[in-house]
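Dear colleague,

Please find below the structure for your review. My notes on it follow directly after the entry.

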Amino acid sequence: MTPSARLRRPVGPRLAAGLLALALVPAALRAEDEATPELHLTRFTDAYTRLELRLVGALPGERDLILRLGVHSDGRVRQAWGHLPGQARAQDQLDPRGLSVADGRLQGVLTLRHLMGVGDHGYVGDLRMDVRIAGTEIAGTYEGWIAPRTGGHPAHDIVFAGDPLVARPDEVRWRHGERTAVRGEVAGEARDAEAAAAGQSFASGQDWPQFGGPNGDFGAAPFDGQLIEDMRDARLVWMSEETPAGRSQVNRYGQGNLRHFLNYGMAGGTASPMIADGRVFLNFVIPATDSTAEETLGDQAASYKARGVPTVAAMWTAQGTDVLLCLDAATGRTLWRAEVPGGRYYPYWADRGHHKGWWGPQVAVADGQVFWETSHGVTWALDAATGETQWARRIGSSTLRTVIDGVLIPSNGQAGYDAATGETRWEVAPAVANNNRAALRWDHDGVAHAIFADGRGRISCVRARDGKELWRIEDSGANGEGVSLAGDVLLANITPIYPRGHELHRAPPRLGAYRIGPEGAERIWELGPEEPTYSMNNQPIVVHDGHVYFRGVRTDGALPLIVIHADTGRIVNRSGYRWARWAIHRVQDILITQVDATHERTELFMTRLDPRDPQALGEVWPTDHSTTSGYWPVPMCHAVADGRIIIRGTRGVFCYDLRKTPAMSKVEAALEAAGDDVAAAIDALDALMDDADEDVRAMAGRELAGYAARGQWDGRQATLLKRLGALLGHADPAVRGQVIAAMPRFGPDAVPPLADAARSPDPLEADAAMRAAAKLDGLPGGQGLEAVIHTGLRDERRPIVLAALEAAISRGERADGLAPTLLALAHSDESIVRRHALRALLVVLPAAEFPLEDVDDGKERVVAVLGDHPYHAAVGRAVGVILHQGEEEALSLFTRILEGDNALQGARACHGLAELGAAARPALGAIEAAREKWGARVFRDASENALQRIQEAME
């Protein structure tokens, strides 16, 4: 059947029945359903000023707090983020609504909702500022309080401002400990919009206008510059003024939602940011607040209220408001905001349990228009520069959309609409539809085409301007995750699909290729059954320079990165690959991969796309802000253009600069000159440590730390240790962190510098130093660990104590000198410390060179493990510890347990007596007496086994 014949296919009986049913619907109801909702547009055309402030000594340890505030001509402060000097982590939970600027003065209260990375759980607080702004100079004072955020059960972490059933996020805060009054000076600088945007404007044509990038193949447009080669070198440029509903998912049920609510905010869908013409676009849904809590609560939430269980009413609302933001890509300030009320807060897939809220159609931008579908089922075409409505109509719900040759093509079917007017241009039936991926653009001889692929083995090629279907494949594999193009080579899963009962059977995917042209598609190669299959779990097939890259399935614990020649199908390379769920961006010859794009984590790393030997670049970077993600089958996709990456986070939209700096290039040139000569490289870096440019010194220091961490010093060990010791005072925390991580390589020689680092006023850095000290194997008898434990106890740093105990457990008998300290910790009032100490005790005591009775109450602590510890291996070690003290000591302890009142301990004492064999003869009477006392099966089984083994040993 020809494509044109398909378009003329007569109406079938099922479709006819549906049309009849529609005709019977009352006209008034249909009109209401088809009514277009009202769009509210707010444009921000006023002046913008960026204030950069330093609050001297505002945080514990007399550390400063650096703030960035965005102020408009009406005096409102709508943008706020910060960091600690030398720390890269963005403090993105700052509430500036209590601040305003009038008559050249910044006054009011800045609320610290949660300062992350400061102390065990972070800090909260309020700071009142009075700051004078004179031209570009800023000076003034602050005063207020800060307090540590408490930990523990979520129900006890939250402070509600009134009824715990609330709709507004600002009515809920973290509970905190004792307040500390703070006051000090404020200094800084004011920059106008032009100065704030300096060096961050986007070049023409540098866009990421739709999901998957300019061509939908997850490749960024080439740009004139060089990228960094380690994601940890990404530099935060701005955080948005607006705080979108941060999470794509939300667990609405139970008390656990409260902690998620405060960490991540309300759910708002899975939409991704897009970049076009120097603007960033992001859409989301927020819960409506025009109804009372009682009206929005469902039966389950009402039951929580009846039981007095705290929850958040906004999590249960069904009504929502759709929002589309347009941001300035250079500064993050909002240019305009469009809102459409009366939508649905959990609009689709509402039957997906705790994953409600992960719906979110992606916008697309083309030819000066942004195309946006709201939860009402209406598609809007807005002027990208002003937000003014061009047209709005219902064209069917769709997750993704693309614009090809002036035609808007949603992913919900196979139809094209005039992008300028919204009128229907063409339709193809039966449609090849795939809501997980938009149509792929293919240009041939100056003509634009759209290629559709679905999960039922069908691939269709349509001329974009008029919808003429040129060819169709019916027998390919499941391609619900889309197909890829390498010029005129189409890459797809070619494993056949066949019916199995009422379902389609999809065998493991196998990659194949078609040579395509306007006249048809011819399969030119396919991987054999013995070759690696590829992952369909949101893993785009990446194409670069005539080669195909894809992540193979897990083989022997490895995730191979397979490289194939696109024209021939020849496998060029198989190499190891870091574990990752989704490869998301290709920028020139670098692949930026997200470790997990479906569980609210945004760890990213880089890979050089060299077909002969793909190389991992740098380390995994967890981003410097609070993260969120989408969810299968359409994860969030970051936007990459002109050397910047735009990431949607929990508390805002964030822009990071990925362009290589002159300092990076200078260090890179020195290393290239040294070649493979390690000694020459270290000498070159050592020389750069005296460079006048602080950034050069920082980069050289990080490289030196890398050599030390790898144990590459080639006779320069003393030089490295001296330089790295000096770097522990560097302003850049990334440098200090790498130095601390490398120190254990030097053995006992690293103790003095690590001791200095452990006294750092920054608790995170001190923690890292003590953890590094705990790894030193050159110290006898666990002395280094003991010092770490006592330092942690002295300063009340529980994470440090736990880290040292974990190190003792991993070191086992080599940490036998820790036995007295561990026995003391086994009495701790904190259950988690007590558990870790007991675990460490069980692996240390067998080698201890002192009698157990010499330690106060030590025997009782070990005996308690017999009944309290849930793991058989630990029970076995406890028995072994007691047996280690000698037969008489063990017999006395086990007999005393049998005379107690704990049947479970008694059962495990029987295990120990069985190990004593004939030496346990004096305990036979105690075993029989306990059998009369305890009828528990666990004891009877253990005691019968003990009696039998003791009798056999006696015979």
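A salt bridge is taken here as a side-chain nitrogen of Lys or Arg within 4 Å of a carboxyl oxygen of Asp or Glu, and a residue is called buried when its relative accessible area is under 20%. Please bear in mind that this is a predicted model.

**The surroundings of R651**

With those cut-offs in mind, R651 deserves a note. R651 is buried yet takes part in no salt bridge; the nearest side chain of opposite charge belongs to D92, 5.5 Å away. The side chain of R651 does make a polar contact of 3.5 Å with the side chain of Q93. Leaving aside residues up to four places away in sequence, R651 touches D92, Q93, M239, E242, T243, F261, L262, N263, Y264 and G265.

R651 sits in the loop that connects β44 (644–648) with β45 (653–657). One of the residues that R651 touches, N263, belongs to helix α6, which spans residues 256–264. In sequence, N263 and R651 are 388 residues apart, while their C-alpha atoms are 9.1 Å apart in space. Beyond four places in sequence, N263 itself touches Q93, H114, W174, T650 and R651.

**Strand β45 and its partners**

The two strands on either side of this loop, β44 and β45, form a hairpin with four residues between them. They run antiparallel and are joined by five bridges; I646, for example, has C655 as its bridge partner in β45. Strand β12 (residues 235–239) also runs antiparallel to β45, with four bridges joining the two. Here R235 has D657 as its bridge partner in β45.

How many residues of β45 are buried? Five of the five are, so the strand is largely enclosed by the rest of the structure. In a regular strand, side chains alternate between the two faces of the sheet. In β45, V653, C655 and D657 point one way, whereas F654 and Y656 point the other way.

**Salt bridges**

Side chains of opposite charge can pair when their charged atoms come close. The structure holds 40 salt bridges, and a few of them are described here.

D233 and R702 form a salt bridge in which the closest N and O atoms are 2.7 Å apart. This pair links distant parts of the chain, 469 residues apart: D233 is in the loop between α5 (193–196) and β12, and R702 is in helix α11 (residues 694–709). Both D233 and R702 are buried.

A second salt bridge joins the side chains of R515 and D567, at 3.5 Å from N to O. R515 lies in strand β33 (residues 511–517) and D567 in the loop between β37 (561–565) and β38 (571–575), so the pair ties together parts that are 52 residues apart in sequence. R515 counts as partly exposed because its relative accessibility is 37%, and D567 counts as partly exposed at 41%.

The side chains of R723 and D686 also meet in a salt bridge, with an N to O distance of 2.3 Å. The pair links helix α12 (residues 717–727), which holds R723, to helix α10 (residues 678–688), which holds D686; the two residues are 37 apart in sequence. In addition, salt bridges that share partners join E229, D589, R608, K660 and E668 into one network.

**Backbone features**

The peptide bond from A429 to P430 is cis, with omega near -5°. P430 is in the loop between β24 (424–427) and β25 (440–444).

Two residues may be listed for their phi values:

- D405 is not a glycine, yet has a positive phi of about 55°. D405 lies in the loop between β21 (401–404) and β22 (407–410) and, at 41% relative accessibility, counts as partly exposed.
- Q588, likewise a residue other than glycine, has a positive phi near 55°. Q588 lies in the loop between β39 (582–587) and β40 (590–594) and, at 26% relative accessibility, counts as partly exposed.

**Confidence of the prediction**

The mean pLDDT of the protein is 81, and 77% of the residues reach 70 or more. Over residues 1–33 the pLDDT is below 50, and this stretch has 18 contacts in the model beyond near neighbours in sequence. The pLDDT also stays under 50 over residues 778–782, for which the model has 11 contacts beyond four places in sequence.

With kind regards

Definitions and conventions
Residues numbered from 1 in each chain as written. Predicted model: local features only at pLDDT ≥ 70, side-chain atom pairs only at ≥ 80, totals over all residues. Heavy atoms only, no water. Buried < 20%, exposed > 50% of the residue type's maximum accessible area, 1.4 Å probe, protein only. Lys, Arg positive; Asp, Glu negative; His and termini not counted. Polar contact = N/O pair within 3.5 Å; in protein donor to acceptor, adjacent residues only side chain to side chain. Contact = heavy atoms within 4.5 Å. Pairing = 2+ DSSP bridges. pLDDT = per-residue confidence, 0-100.
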